[in-house]
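Student: Could you take me through one part of this model slowly, the sheet towards the end of the chain and what packs on it? I'd like the residue-level picture, plus whatever links it to the rest of the fold.

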Amino acid sequence: MASIRCSRAAARVLTRTAVAPATVPRCAREFSTAMKLPTMTVSPRGQAQRSTRFSPAFATPGGGVRSIFIQTENTPNPDALKFLPNSRVLPAEIGSTFVEYLNPRSTIAPPHPSPLAAKLMNIDGITSVFYGADFITVTKAADAQWAHVRPEIFALITEAITSGEKIVNVVERKDGEAGQDAAEADSLAYNENDSEVVGMIKELLETRIRPAIQDDGGDIEFRGFENGQVLLKLRGACRTCDSSTVTLKNGIEGMLMHYIEEVKGVHQVLDQEEEIAAAEFARFEEKLKQQRGNQQASSGDASAA
């Protein structure tokens, strides 16, 4: 009888094993552990130059006393500073990992209006405000001085935290209504409809590249994979950084091409305003080259005479 019970138990185990659903890995093709390509690291400039400012203590509703501090970090972009308020910035219900405000109008528009961003954008010289999960990146104009605008930024962030107001609100957006630069969902999130190659690209971007870019006060957005080209969009401090091209080509492109043979290159997606600015800058450089050429020709003629 004991042997019969044992046989039946074994049969049940075998039956459960046979019908148990197989665990599907995120990517069918795994990265070889033998590949020792270094991960992207945070800019030493951003880590070395760091300061902390303590705000005065304030009373909590429960009668206790709480003191807060706001930590700042320089970024590779000299016109962008990263502020860490030691509290969550983005609400958990927002699907995206960032929200970016590029003009004052966007700070009051749905779906993510922000009273704090509106006040920050009202400071003379501030051009954009970027929210990560737990940090705020503020970008200024090239002719503005941090010594003039940083104290006001500190004061506004401290006031927002101590008052208990929501840094970002969530409201419904109407069809066709303009708002912030933020996707409804994380572009690097797993999607069952993604191909194997796209899944591998997203996994590398999420685990090896995004952490370094977020440490530098920015984020990265996946826009697609076409004809061997990975389409990406840099955000936050990285959006206007002079070294963004180097980051894309030497860092991101090199890593993706090393691990994924289907990747032939990386292309940065520009918004319409950025394309216009890039075209204007190219025309300006061409004009300077022509002026230098004319000056050299005039100097040569004068010497010959």
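Tutor: What follows starts with a little background, goes through that sheet and its helices, and then moves out from there.

This is a predicted model, so local features need pLDDT of at least 70 and side-chain atom pairs count only at pLDDT 80 or more, while totals for chains, interfaces and linings use all residues. Residues are numbered from 1 along each chain as its sequence is written, and side-chain values use heavy atoms, leaving out hydrogens and water.

For context, the protein chain has 7 helices and 11 strands; these are DSSP runs numbered from the N terminus, with helices being H or I over at least four residues and strands being E over at least two. Of its 305 residues, 38% count as buried, where buried means under 20% relative accessible area, exposed over 50% and partly exposed in between, using a 1.4 Å probe and protein chains only. Take the contacts with a separation of 6 or more: 65% of them come from residues 24 or more positions apart, contact meaning heavy atoms within 4.5 Å.

Now to the sheet. It is an open one of 3 strands, in the order 9-10-11, and the pairing is mixed. Strand 9 (218-226) and strand 11 (265-268) are the edges, each pairing on one side only. Two strands pair here if DSSP finds at least two bridges between them. From one strand to the next the twist averages 30°; axes are lines fitted to C-alpha atoms, for helices over the stretch in contact, and angles run from 0 to 180 degrees between N-to-C directions. Strand 10 (residues 229-236) runs parallel to strand 11, and 4 bridges join the two. If you want a spot to click on, Q229 stands opposite G265 in strand 11.

Two helices pack on this sheet. Helix 5 (residues 196-215) touches strand 9 and strand 10, its direction making about 160° with that of strand 9. Helix 6 (residues 244-259) touches strand 9, strand 10 and strand 11, and its direction makes about 145° with that of strand 11.

The two helices also pack on each other, at an angle of about 145° and with their axes 11 Å apart. Helix 5 passes helix 6 in a right-handed crossing, the near helix being turned clockwise from the far one by less than a right angle (anticlockwise would be left-handed). On the helix 5 side you'll find M200, I201, L204, L205, R208, I209 and I213, which meet I252, M255, L256 and Y259 in helix 6. By class that contact has 10 nonpolar, no polar and 1 charged residues; Ala, Val, Leu, Ile, Met, Phe, Trp, Tyr, Cys and Pro count as nonpolar, Asp, Glu, Lys and Arg as charged, and the others, Gly among them, as polar.

Have a look at E253 too, which is found in helix 6. E253 counts as buried because its relative accessible area is 14%. Beyond its neighbours within four places in sequence, E253 is in contact with L248, G265 and V266. G265 is the residue facing Q229 across the strand pair.

What about the cysteines? C238 is buried at 12% relative accessibility, and C241 is buried at 10%. The sulfur of C238 has the sulfur of C241 as its closest cysteine sulfur, but they are 6.5 Å apart, so they are too far for a bond. Searching the whole structure turns up 0 disulfides, a disulfide being a pair of cysteine sulfur atoms within 2.5 Å.

Finally, a link to the rest of the fold: T137, in strand 8. T137 is buried, at 0% relative accessibility. Leaving out residues up to four places away, T137 touches A80, L81, K82, S128, V129, F130, G217 and A237. The C-alpha atoms of T137 and F83 are 6.1 Å apart, although 54 residues separate the two along the chain.

Strand 8 (residues 136-140) is antiparallel to strand 7, with 5 bridges between them, and a hairpin of 4 residues connects the pair. S128 stands opposite T139 in strand 8. Strand 7 (residues 126-131) is mostly covered, with 5 of its 6 residues buried. Strand 7 also runs antiparallel to strand 6 (residues 99-101), joined by 3 bridges, with Y101 opposite V129.
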